[in-house]
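I sat down with this one over coffee and kept short notes as I went. Here they are, in the order I looked things up.

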Amino acid sequence: MASNMIVLEGEVRDEFGKGAARRMRVAKQIPATIYAGGADPVFVKLPMKETTLALRHTNALFTIKFGDEQKMAVVKDVQRNPVKRIVEHVDFYEVRAGEKIDVEVPVFVEGEPKGAAVAFVDIQELKVRADVANLPERIVVNVDGMTDGTKVFAKDVVLPEGVELDVEDPEESVVTVEVPEDVSTEEAPEAPEAPEAE
């Protein structure tokens, strides 16, 4: 099984609405919903500290225990309060052992390109298909010794064993190695959600 299996001990949740959610947060609990294909969703409350820490892991596999039951699940969506910086609600999607699912994995680069060349990540997250027991947390592209003008395409990315590429265009560039031009003469590419200086 995956080393990134995280066990959370929760309880069944039987009250709903904003008041209930507020009471749960005061009690250091996070409301969560576990969706299963075709079946009714299960409503649980999870320990705030352990859950918040666990959510730092990308594509982790969770075992959620509640009452006499337990379900294996992956995170589908997380609602955070940007002001209080707390997790307000988590949606999980139930999975079964041996099932393969599509996940988006963040791309990182390692190594040093040649000379003044710099590696730019063109696709921040790569879509792959993997066994739920072996979901990758990150994909690393080694750019050691690459020269100006080199591109690493999706089809060339070395994936962990058992992980398949699941993109529409395998010829899409994931990482570009190039010598940066003078930024003042070239419009900087738009970064998604670039935070303003505080």
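Are Phe62 and Phe92 buried or exposed? I checked, and both Phe62 and Phe92 are buried. A reminder to myself before going on: this is a predicted model.

**Entry 1: the whole chain.** I began with the overview. The protein chain has 198 residues, and 36% of them count as buried. I found two helices and 13 strands in its secondary structure. For contacts with a separation of 6 or more, I noted that 63% join residues 24 or more positions apart. The exposed area is about 12,500 Å², with 48% of it supplied by carbon and sulfur atoms.

**Entry 2: the barrel.** Next I traced the sheet. Six strands make a closed barrel in the order 1-3-2-6-5-4, and the pairing is mixed. On average, neighbouring strands of this sheet are turned by 45° against each other, direction ignored. I then followed one pairing by eye: strand 2 and strand 6 (residues 86–94) run in the parallel sense over four bridges. Ile34 has Phe92 in strand 6 as its bridge partner.

**Entry 3: helix 1.** How does helix 1 sit on the sheet, and which strands does it touch? It packs on the sheet with contacts to strand 2, strand 3 and strand 6, and its direction makes about 120° with that of strand 2. I listed the buried residues of helix 1 (residues 18–26) as Ala20, Ala21 and Met24. Looking down the helix axis, I saw these buried residues fall within an arc of 100°, so they line one face of helix 1. They pack against strand 2 (29–35) and strand 3 (42–47). Lys18, Arg22 and Val26 are exposed on the other side of the helix. Just after helix 1 I noted Lys28, with a positive phi near 60°.

**Entry 4: aromatic pairs.** I looked for ring pairs and the structure holds two. In one, the ring centres of Phe16 and Phe43 are 5.0 Å apart with planes at 80°, so I logged the pair as edge-to-face. Phe16 is in the loop between strand 1 (5–12) and helix 1, while Phe43 is in strand 3, so the pair ties together parts 27 residues apart in sequence. Phe16 is partly exposed at 49% relative accessible area, and Phe43 is partly exposed at 31%.

The other pair took me back to my opening question. Phe62 and Phe92 have ring centres 5.3 Å apart and planes at 70°, so this pair is edge-to-face. Phe62 lies in strand 4 (residues 61–66) and Phe92 in strand 6, so parts 30 residues apart in sequence are tied together.

Note on methods
Residues are numbered from 1 along each chain as its sequence is written. This is a predicted model: local features need pLDDT of at least 70, side-chain atom pairs count only at pLDDT 80 or more; totals for chains, interfaces and linings use all residues. Side-chain values use heavy atoms; hydrogens and water are left out. Buried means under 20% relative accessible area, exposed over 50%, partly exposed in between (1.4 Å probe, protein chains only). The arc is that of the directions from the helix axis to the C-beta atoms. Contact means heavy atoms within 4.5 Å. Two strands pair if DSSP finds at least two bridges between them. Axes are lines fitted to C-alpha atoms, for helices over the stretch in contact, and angles run from 0 to 180 degrees between N-to-C directions. Accessible areas come from the Shrake-Rupley method with a 1.4 Å probe; for residues, only the protein chains shown count as cover. Rings of Phe, Tyr and Trp (its six-membered ring) pair if their centres lie within 6.5 Å; planes under 30 degrees apart count as stacked, over 60 as edge-to-face and the rest as tilted.
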